[in-house]
Amino acid sequence: GIDSRAGVAAMMGDDALYLRLLKMFRDREADFPERFQAVRARGARAAALRLAHDLKSVSGSLAMPAVHRAAADLELACANGAGDEDVQALTREVSHHLSPVIAQLKAL
């Protein structure tokens with residue numbers, strides 16, 4: 001989920017900014033697992049690493065701790081050259097945490 005109190009604090013109390021960033025996150029990351037897998041399937045491993053890194057960074061900034069941790073694990077696996085099976089399992093873990101957040105954000 002989203003720790004909105006932490007997110008609002010992270011945005012220095014600017015509720016409108018935080019809301020706008022949450023909507024941008026929702027629109028950009030709703031299809032993360034599919035985009036990530038498509039990039040990996042093309043063999044673009046550096047681009048896949050960047051996608052995982054970006055998700056980790058933004059989810060951390062927006063106070064989404066479960067998504068942040070899962071994305072960090074995925075990024076680390078990509079950086080360390082993990083095999084496809086491991087990366088797929090970690091992508092499913094990201095999706096497991098990301099899906100409810102996106103569903104929550106659809107109400108905005």
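**Entry 1: D84 and its partner**

I began with D84, which has a relative accessibility of 43% and counts as partly exposed. I note at once that this is a predicted model. Which residue does D84 pair with in a salt bridge? I found R45, with the closest N and O atoms 3.5 Å apart. Where do R45 and D84 sit along the chain? R45 is in helix α4, and D84 is in helix α6, which covers residues 84-105. They are 39 residues apart, so I logged the pair as a link between distant parts of the chain. I then looked up the cover on R45. R45 is partly exposed, at 43% relative accessibility.

**Entry 2: the whole chain**

I stepped back to get my bearings. The protein has 108 residues, and 35% of them count as buried. I counted 6 helices and 0 strands. Read from the N terminus, the order is α-α-α-α-α-α. How much of the accessible surface belongs to carbon and sulfur atoms? I wrote down 55%, out of a surface of about 6000 Å². I also checked how far contacts reach along the chain. I took the contacts between residues at least 6 apart in sequence, and 63% of them join residues at least 24 apart.

**Entry 3: salt bridges around R28**

I went back to charged pairs. Side chains of opposite charge can pair when their charged atoms come close. How many salt bridges does the structure hold? The count is 9. I picked R28 to follow. R28 is partly exposed, with a relative accessible area of 43%. One partner of R28 is E29, and their closest N and O atoms are 3.5 Å apart. Is E29 buried or exposed? E29 is buried, at a relative accessible area of 2%. D54 also forms a salt bridge with R28, again with closest N and O atoms 3.5 Å apart. The D54 and R28 pair links distant parts of the chain, with their positions 26 residues apart. D54 lies in helix α4 (residues 45-61), and R28 lies in helix α2 (residues 15-29).

I returned to the R45 and D84 bridge between α4 and α6 for comparison. Then I asked which residues are joined into one network by salt bridges that share partners. I listed R28, E29, D31, R35, R50 and D54.

**Entry 4: helix α4**

Helix α4 kept turning up, so I looked at its length. It has 17 residues, which should span 24 Å at 1.5 Å a residue. Its end C-alpha atoms are 24 Å apart, which agrees. Which residues of α4 are buried? They are A48, L51, A52, D54, L55 and S59. These residues cover an arc of only 160° around the axis, so they sit on the same side of α4. I checked what lies over them. The cover on the buried residues of α4 includes α2, α3, α5 and α6.

**Entry 5: just past α4**

I looked at what follows α4. A63 comes after the helix, and its phi is positive, near 65°. I marked this down as a positive value in a residue other than glycine. A63 belongs to the loop between α4 and α5, with α5 covering residues 65-79. Is A63 buried or exposed? A63 is buried, at 11% relative accessibility.

**Entry 6: the aromatic pair**

How many aromatic pairs are there? I found 1. The pair is F32 and F36, with ring centres 5.5 Å apart. Their planes stand at 25°, and planes under 30 degrees apart count as stacked, so I logged the pair as stacked. Both rings belong to helix α3, residues 32-41. F32 and F36 are 4 residues apart, which means a separation of about one helical turn. I checked the cover on each. F32 is buried at a relative accessible area of 0%. F36 is buried at 0% relative accessibility.

**Entry 7: V94**

I closed with V94, in helix α6. V94 has a relative accessible area of 0%, so I logged V94 as buried. Which residues does V94 contact, leaving aside neighbours within four places in sequence? I found F32, L55, A70, A71 and L74. F32 I already knew from the aromatic pair, and L55 from the buried residues of α4. I also checked V94 against R69. They are 25 residues apart along the chain, and their C-alpha atoms are separated by 8.6 Å.

Key
Residues are numbered from 1 along each chain as its sequence is written. This is a predicted model: local features need pLDDT of at least 70, side-chain atom pairs count only at pLDDT 80 or more; totals for chains, interfaces and linings use all residues. Side-chain values use heavy atoms; hydrogens and water are left out. Helices (H or I, at least four residues) and strands (E, at least two) are DSSP runs, numbered from the N terminus. Buried means under 20% relative accessible area, exposed over 50%, partly exposed in between (1.4 Å probe, protein chains only). Contact means heavy atoms within 4.5 Å. Accessible areas come from the Shrake-Rupley method with a 1.4 Å probe; for residues, only the protein chains shown count as cover. A salt bridge is a side-chain nitrogen of Lys or Arg within 4 Å of a carboxyl oxygen of Asp or Glu. Rings of Phe, Tyr and Trp (its six-membered ring) pair if their centres lie within 6.5 Å; planes under 30 degrees apart count as stacked, over 60 as edge-to-face and the rest as tilted. The expected span of a helix is 1.5 Å times one less than its number of residues. The arc is that of the directions from the helix axis to the C-beta atoms.
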